[in-house]
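Work through the following exercises with the coordinates open beside you, and try each task before reading the solution that follows.

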Amino acid sequence: LAALKLRLSHLLAFELSEEMKKTPLFTRLESMSQILDSAIAASRRIVTDMRPEILDNLGLFAALKWQAEQFQRHANIECRVVCAHDEGCKNCKDCDYNLNPMLSINLFRIFQEALTNVARHSDASSVKVEYRPGNDEVFLSVSDNGCGLPEGHIFASTSYGMRGMRERVWQLGGSLEFDSPPGGGLRVTVRVPLSAACTG
């Protein structure tokens, strides 16, 4: 994409008369340049979303907070992330020191999918996220104040987001629960044993 953009820039940089700039060919070249700009910007967003640098540099908790800020800005739904560590945190990075990259990215993906479901289906105005890395397990909870699930609801086989979350948690040897928190809405709770997540 960058190479195409460079070549187009060379073409557009020629000293052309005002008459030539009004021709259909010049208009198409400019249009192609704009399309390339959009494609490059989209590619950068996709790469960042796949594995944001903050996940590697500052840990999962910081990445969850970053994603929550992105979600709040784009979906216009309040999203708050809290660390529910029993002993309190002095340094968020310390909480993530024993989480291997595979665990971190899978929990991050589950979180993204939970937020996507909130935006698409919940009609919620706020989301609360609790994250707790303990001695035995990693805990992640995403609760919204939306419409929740009807009683006896069964997820359709075409609910790929839910299926994806279940498969990720299953691969990590953890558990995934859907229930209604006090006050209504939907809560997604993930528990993953730390023994399955620790490096070496």
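**Exercise 1.** Decide whether Ser 104 counts as buried or exposed, and place the residue in its surroundings.

*Solution.* In this predicted model, the relative accessibility of Ser 104 is 7%. The cut-off for buried is under 20% relative accessible area, so Ser 104 counts as buried. The next step is to locate the residue along the chain: Ser 104 lies in helix H6, which covers residues 101-122. Finally, leaving aside residues up to four places away in sequence, the contacts of Ser 104 are Leu 55, Leu 60 and Leu 99.

**Exercise 2.** Describe how helix H4 packs against H6, beginning with the geometry and ending with the residues that meet.

*Solution.* Two packed helices are described by the angle between their axes and the distance between the axes. For H4 (residues 60-75) and H6, the angle is about 20 degrees and the axes are 11 Å apart. Angles under 35 degrees count as roughly parallel, and H4 and H6 are therefore roughly parallel to each other. The crossing in which H4 passes H6 is right-handed. On the H4 side the contact is made by Leu 60, Ala 63, Leu 64, Trp 66, Gln 67, Ala 68, Phe 71 and Ala 75, and these meet residues of H6 that include Ser 104, Leu 107, Phe 108, Phe 111 and Gln 112. Sorted by class, the residues of this contact comprise 13 nonpolar and three polar ones, with no charged residue.

**Exercise 3.** In what order do the five strands of the open sheet lie, and which strands are at its edges?

*Solution.* Strands of a sheet pair through backbone hydrogen bonds, either parallel or antiparallel. Here the order is E1-E2-E3-E5-E4, and the pairing is mixed. Strand E1 (78-83) and strand E4 (175-179) pair on one side only, which makes them the edge strands. From one strand to the next, the twist averages 10 degrees. Two of the pairings can then be followed in detail. E4 pairs with strand E5 (residues 187-193) in the antiparallel sense over five bridges, and within E5 the bridge partner of Ser 175 is Arg 191. E3 and E5 also run antiparallel, joined by seven bridges, and Val 142 stands opposite Val 188 in E5.

**Exercise 4.** Which strands does H4 touch, and which strands does H6 lie across?

*Solution.* H4 packs on the sheet and touches E1, strand E2 (126-133) and strand E3 (137-144), with a direction that makes about 170 degrees with that of E1. H6, for its part, lies across E1, E2, E3 and E5, and runs at about 10 degrees to E3.

**Exercise 5.** Determine whether Arg 7 is buried or exposed, and find how far its C-alpha atom is from that of Ser 33.

*Solution.* Arg 7 is placed in helix H1, residues 2-12. Its relative accessible area is 63%, and the cut-off for exposed is over 50%, so Arg 7 is exposed. Although Arg 7 and Ser 33 are 26 residues apart along the chain, their C-alpha atoms are separated by 9.9 Å.

**Exercise 6.** Set these parts in the context of the protein: how many helices and strands are there, and in what order do the elements run?

*Solution.* The protein has seven helices and five strands, and from the N terminus the elements run α-α-α-α-β-α-α-β-β-α-β-β. Of its 200 residues, 37% count as buried. Among contacts with a separation of 6 or more, residues 24 or more positions apart account for 63%.

How values were computed: Residues are numbered from 1 along each chain as its sequence is written. This is a predicted model: local features need pLDDT of at least 70, side-chain atom pairs count only at pLDDT 80 or more; totals for chains, interfaces and linings use all residues. Side-chain values use heavy atoms; hydrogens and water are left out. Helices (H or I, at least four residues) and strands (E, at least two) are DSSP runs, numbered from the N terminus. Buried means under 20% relative accessible area, exposed over 50%, partly exposed in between (1.4 Å probe, protein chains only). Contact means heavy atoms within 4.5 Å. Axes are lines fitted to C-alpha atoms, for helices over the stretch in contact, and angles run from 0 to 180 degrees between N-to-C directions. Angles under 35 degrees count as roughly parallel, over 145 as roughly antiparallel, 65 to 115 as roughly perpendicular and the rest as oblique. A crossing is left-handed if the near helix is turned anticlockwise from the far one by less than a right angle, and right-handed if clockwise. Ala, Val, Leu, Ile, Met, Phe, Trp, Tyr, Cys and Pro count as nonpolar, Asp, Glu, Lys and Arg as charged, and the others, Gly among them, as polar. Two strands pair if DSSP finds at least two bridges between them.
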